[in-house]
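Here are a few notes to help you find your way around this structure. Keep the 3D view open as you read, and turn to each residue as it comes up.

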Amino acid sequence: METVLSRHRRCYGLVGLLTLLLLPVASGQAQRGTPPGDLEGTLARASARVEDYLTRAQSLVCTETVHVQPLSTGLTGDGFGRTIESELRLSWDGDGDGESAGEARTRRQVMKVNGHRPRAKDRNNCTGPEQHDTEPQPLSLLLASERDDYAFSWAGLGKVDKRDAVMVDFRQVEKVKVDIRLLEGTEDCVSYELTGGMRGRLWIDAETADVLRLDQRLAGQVEVRLPEALARKPGVSPVWTLERWDTSMRFKRVTFDEPQELLVLPVSTTTLRVTLGSGTPRQRTTTIYSRYKRFLTGGRLVPGEPPPPEP
């Protein structure tokens, strides 16, 4: 029995096509532990920048390559992994009013599974992104409509890829809740969604104000109680313990031509999940984002129908 990676509402999931603007810090201006100016003002400017970028990013698509690898107790590879290739695009219902703008989401269209076109049985696998056609954008937490769900604090100065960075910590203020359900058509597969209970850190380039890295983790262990129909089965633990859920996303510059534009976009994500009692207790998911394309037209790009499953 295996589990689906859950979706986080208003917290970092698997992908994001965002950049943001934060208050630049002059060399030597701030010491570790001392905020470089007004944090609330910085967040307000970041929110405005994110909204502007979300509007423009809807013209972008990219290729997402996900490798899911079960792990041993020593966190080394254990058995065969799976590789899923998808096309991603951004969806956002922002209307220019930051207080009412909805959460930005990424939409996924699976193109290949382990090198072949997706087959009907591939969607029955519990450990891949095939189960999720859409998920939250990670930096939606900076939108005005989402920020009240988080507490932000100054964390000091650091470096990412030899670049000076400003660090801002965040945590969800709502206590953790778990919504769990059986996955339709698969008796031994469940999907669970967490609300609250996460904390993390943003690294922002001190010179250019671009996001260089985003980390997120569980604030503490979380119990996941299985649906009664599954918990009654012989050999099944009725309660799982979500012990770790560590995620790190890296961003780098991508150049577009005609017209020329430089955007800071995600290039990789690594997630480690440890769930005691589940059929796949330890799992590492590595995601690479590549082949960014920009479409400058008067309409929105809507992917066509996915290729029919192979028999």
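**Notes for a first look**

1. Let's begin with the nonpolar cores. The largest one has 30 residues, and within it Leu142 and Phe152 touch the most other members. Helix 1 (residues 39–57) supplies the largest share of this core, with five residues. Another core, of 14 residues, lies apart from it; Leu194, Met198, Val224 and Leu230 are among its members. Please bear in mind throughout that this is a predicted model.

2. Next, the aromatic rings. How many aromatic pairs does the count come to? The count is two. In one of them, the ring centres of Tyr150 and Phe152 are 6.2 Å apart and the planes meet at 40°; this angle is neither under 30 degrees nor over 60, so the pair is classed as tilted.

3. Tyr150 also pairs with Phe170, and here the arrangement is edge-to-face, with 6.1 Å from centre to centre and 70° between the planes. This pair links distant parts of the chain: Tyr150 belongs to strand 5 (residues 150–160) and Phe170 to strand 6 (residues 163–172), with their positions 20 residues apart in sequence. Taken together, ring pairs join Tyr150, Phe152 and Phe170 into a cluster.

4. Are the residues of this cluster buried or exposed? The cut-off for buried is under 20% relative accessible area. Tyr150 has 5% relative accessibility, so Tyr150 counts as buried. Phe152, at 15%, is buried as well, and Phe170 is also buried, at 3%.

5. A ring elsewhere deserves a look too. Which residue has its charged end over the ring of Trp203? That residue is Arg213, whose charged end sits 4.4 Å from the centre of the ring.

6. Finally, please find Val267, which lies in strand 13 (residues 261–276). Val267 has 21% relative accessibility and therefore counts as partly exposed, since the buried class is for values under 20%. Leaving aside residues up to four places away in sequence, Val267 touches Arg250, Phe251 and Lys252, and also Thr287, Ile288 and Tyr289. To place Val267 relative to Arg253, note that the two are 14 residues apart in sequence, while their C-alpha atoms are 9.0 Å apart in space.

Notes. Residues numbered from 1 in each chain as written. Predicted model: local features only at pLDDT ≥ 70, side-chain atom pairs only at ≥ 80, totals over all residues. Heavy atoms only, no water. Helix = DSSP H or I, 4+ residues; strand = E, 2+ residues; numbered from the N terminus. Buried < 20%, exposed > 50% of the residue type's maximum accessible area, 1.4 Å probe, protein only. Contact = heavy atoms within 4.5 Å. Core = buried A, V, L, I, M, F, W, Y, C linked by side-chain atoms within 4.5 Å. Phe/Tyr/Trp six-rings, centres within 6.5 Å; stacked < 30°, edge-to-face > 60°. Lys NZ or Arg CZ within 6 Å of the ring centre and 35° of its normal.
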